[in-house]
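Welcome, and please open your viewer. We will go through one protein stop by stop, choosing what to select and looking at what is there.

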Amino acid sequence: MARPIKETPTLYGQDAIRFEQAVNNPRPVSAEEVRRAMDTYRAVKANASFSW
């Protein structure tokens with residue numbers, strides 16, 4: 001049986017400031033990182049088998 005989902009905690013102080021800055025200024029992602037992520041995604045997708 002599924003467990004209930006807990007409430008998302010509220011951030012305060014420096015944690016909230018750091019989170020907002022991280023959301024507003026994401027770090028750049030290189031083309032190599034994107035290629036590696038897509039290769040990994042394709043490999044996982046090829047091995048996944050779902051029988052619904």
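The tour below starts with the whole chain and then moves to single residues.

**Before you click**

This is a predicted model: local features need pLDDT of at least 70, side-chain atom pairs count only at pLDDT 80 or more, and totals for chains, interfaces and linings use all residues. Residues are numbered from 1 along each chain as its sequence is written, and side-chain values use heavy atoms, with hydrogens and water left out.

**Stop 1: the whole protein**

Show the chain as a cartoon: you should find 2 helices and 0 strands. Here helices (H or I, at least four residues) and strands (E, at least two) are DSSP runs, numbered from the N terminus. The radius of gyration is 18 Å, well over the 10 Å that the globule rule gives for 52 residues, so the protein is more spread out than a compact globule. That radius is taken over C-alpha atoms, and the globule rule is 2.2 Å times the number of residues to the power 0.38. Turn the model around, and its C-alpha atoms fill a box of roughly 45 × 40 × 10 Å along the principal axes.

How many of the 52 residues count as buried? The share is 0%. Buried means under 20% relative accessible area, exposed over 50%, and partly exposed in between (1.4 Å probe, protein chains only). Now switch on the surface: the protein exposes about 5,700 Å², and carbon and sulfur atoms supply 59% of it. Such areas come from the Shrake-Rupley method with a 1.4 Å probe; for residues, only the protein chains shown count as cover.

**Stop 2: the beginning of the chain**

Select Ala-2, in the segment before helix 1 (13–24). Ala-2 is exposed, with a relative accessible area of 70%. Add Ile-17 and draw a distance: the two are 15 residues apart in sequence and 34 Å apart in space, C-alpha to C-alpha.

**Stop 3: a charged pair**

Side chains of opposite charge can pair when their charged atoms come close. Select Arg-27 and Glu-33, which form a salt bridge with their closest N and O atoms 3.3 Å apart. A salt bridge is a side-chain nitrogen of Lys or Arg within 4 Å of a carboxyl oxygen of Asp or Glu. Arg-27 is exposed at 58% relative accessible area, whereas Glu-33 is partly exposed at 27%. In the whole structure, a search finds 5 salt bridges.

**Stop 4: a network in helix 2**

Next, select Arg-35, Asp-39 and Arg-42. Which partners does Asp-39 have? Asp-39 meets Arg-35 in a salt bridge (2.6 Å, N to O), and Asp-39 also meets Arg-42 in one (3.7 Å, N to O). Arg-35 and Asp-39 both lie in helix 2, 4 residues apart, about one turn of the helix. Asp-39 and Arg-42 are 3 residues apart in that helix, again about one turn. Salt bridges that share partners join Glu-32, Arg-35, Asp-39 and Arg-42 into one network. Among its members, Asp-39 is partly exposed at 37% relative accessibility, and Arg-42 is partly exposed at 49%.

**Stop 5: a nonpolar patch**

Finally, select Val-29, Val-34, Met-38 and Tyr-41, which make a nonpolar surface patch of about 360 Å². Patches are made of residues with over 30% relative accessible area and no salt bridge: like charges are joined within 9 Å, nonpolar side chains (Val, Leu, Ile, Met, Phe, Trp, Tyr) within 5 Å. Tyr-41 is found in helix 2 (residues 31–47) and counts as partly exposed at 45% relative accessibility.
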